[in-house]
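Open your viewer, turn on a cartoon view, and keep the selection box handy. We will walk through this model one stop at a time.

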Amino acid sequence: MEFQNIEIKREDKVAIVTINREKALNALNAETIRELQTFFENHWEDDSIGCVIITGAGKAFIAGADITELAKLDVKGAVHTSRIGLYLMKTIENFPRPVIAAVNGFALGGGCELAMACDIRLASEKAKFGQPEVNLGLIPGYGGTQRLARLVGRGKAKQLVFTGDMVNAQEAYRIGLVDEMYPPEELMDKALEMAKNIVAKAPVAVSVAKECINRGLDINLSAGCDFEKTAFGTIFGTADSKEGLSAFIEKRKADFQGK
Ligand code: CAA
């Protein structure tokens, strides 16, 4: 499918999705949300993709929802817009393979929310993060009031959401909003290195591990451990678990088939 606002590149089993609306600092208009949704849905069952990296073209990762579109919304339209955006964030979060955000610049509002829906956040030292919606008389609408508190704790989340202030990559790293930070020119190489490291592992195990961690964050510890126990059993039914265990014992490199 032809996309207007996103670009897809492949590096073997890694798909690199670049948001490419530089004139609006990659703001998420309805069409860009639709294209991202289509990309993830089209590749839901596509085992040739073992990891996705999302990044932005130019100086921004994503500067938020498109404010020119928000300005036209009534109450019903705003609820619809939030629902569509939240659905994309959930789609990214639940995508059966890992999704890495390579945050190259501004990750504001919906951009910070999209980064938070990804599994791992890598940032350029020049990146800036924030939930500036209160500056517009709004609140976050793509999960920011929920995922930010889960990532950085309620006090820091409230500070960021109530003030609308931006934080630099160093501060984002310090508070746990960002997992790794690199010089700008190294960001994509490091993201690819991590993605390639991940896709070299047993794909079903990685996917099931993602599901366990995600599920566990939504339920209590005891129920989460029960979920893990069942998943641990399931994984022993895969050929890759036999291969991984045999390879260790036979002192050779495992050759995983994704089965
Ligand atoms: N929506 C639409 N257009 C945007 C945009 C956005 N979120 N962010 C930037 N742009 C546009 C600007 O209007 C400008 O367009 P023109 O050249 O046509 O004037 C262009 O991108 C470049 O932006 P600036 O000239 O402002 O660039 P800057 O370097 O001076 O400032 C910035 C960069 C600090 C990121 C500033 O653009 C800014 O504050 N942007 C808005 C950030 C924001 O408030 N995001 C939250 C949106 S609401 C939201 O996301 C709700 C939700 O949770 C779903």
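Start by selecting residues 6–11 and 14–19: these are strands β1 and β2, which pair in the antiparallel sense over six bridges. Please keep in mind as you look around that this is a predicted model. To see one rung of this ladder, show lysine 9 and isoleucine 16 as sticks; isoleucine 16, in β2, is the bridge partner of lysine 9. Now follow the chain from β1 into β2: the two strands form a hairpin with two residues between them. Pick aspartate 12 in that turn, and you will find a positive phi of about 55°.

Next, zoom out and colour the chain by domain. Give one colour to domain 1, residues 6–199, and another to domain 2, residues 203–249. How many Å separate the centres of the two domains? Taken over C-alpha atoms, the centres of domain 1 and domain 2 are 27 Å apart. Where they meet, twelve residues of domain 1 are in contact with six residues of domain 2.

Now for a sheet. Select β4, β6, β8 and β9, and you will have an open sheet of four strands in just that order, with mixed pairing. Which strands stand at the edges? They are β4 (60–62) and β9 (167–168); each has a single partner strand, so one side of each is left without a neighbour in the sheet. Stay with β4 for a moment: β4 and β6 run parallel and are joined by two bridges. Show isoleucine 62 together with alanine 107 of β6, as these two stand opposite each other.

The last stop is the ligand. Select the 23 residues around it, then highlight those that come nearest: Lys59, Ala65, Gly110, Glu113 and Glu133. By type, the shell holds 14 nonpolar, four polar and five charged residues. α2 (67–70), β6 (106–108) and α4 (110–117) each supply at least two residues of this shell.

Three polar pairs are worth showing with distance labels:

- Lysine 59: an N or O atom of the side chain lies 2.6 Å from an oxygen atom of the ligand.
- Alanine 63: a polar backbone atom is 2.9 Å from a nitrogen atom of the ligand.
- Glycine 110: a polar backbone atom is 2.8 Å from an oxygen atom of the ligand.

Finally, switch on a surface: on its own, the ligand has 990 Å² of accessible area, and the protein covers 62% of that.

Note on methods. Residues are numbered from 1 along each chain as its sequence is written. This is a predicted model: local features need pLDDT of at least 70, side-chain atom pairs count only at pLDDT 80 or more; totals for chains, interfaces and linings use all residues. Side-chain values use heavy atoms; hydrogens and water are left out. A residue is near a molecule or strand if one of its heavy atoms lies within 4 Å of it. A polar contact is a pair of N or O atoms within 3.5 Å; within protein, one must be able to donate a hydrogen and the other to accept it, and residues adjacent in sequence count only if both atoms are side-chain atoms. Accessible areas come from the Shrake-Rupley method with a 1.4 Å probe; for residues, only the protein chains shown count as cover. Ala, Val, Leu, Ile, Met, Phe, Trp, Tyr, Cys and Pro count as nonpolar, Asp, Glu, Lys and Arg as charged, and the others, Gly among them, as polar. Two strands pair if DSSP finds at least two bridges between them. Domain bounds come from an automatic or database domain assignment. Contact means heavy atoms within 4.5 Å.
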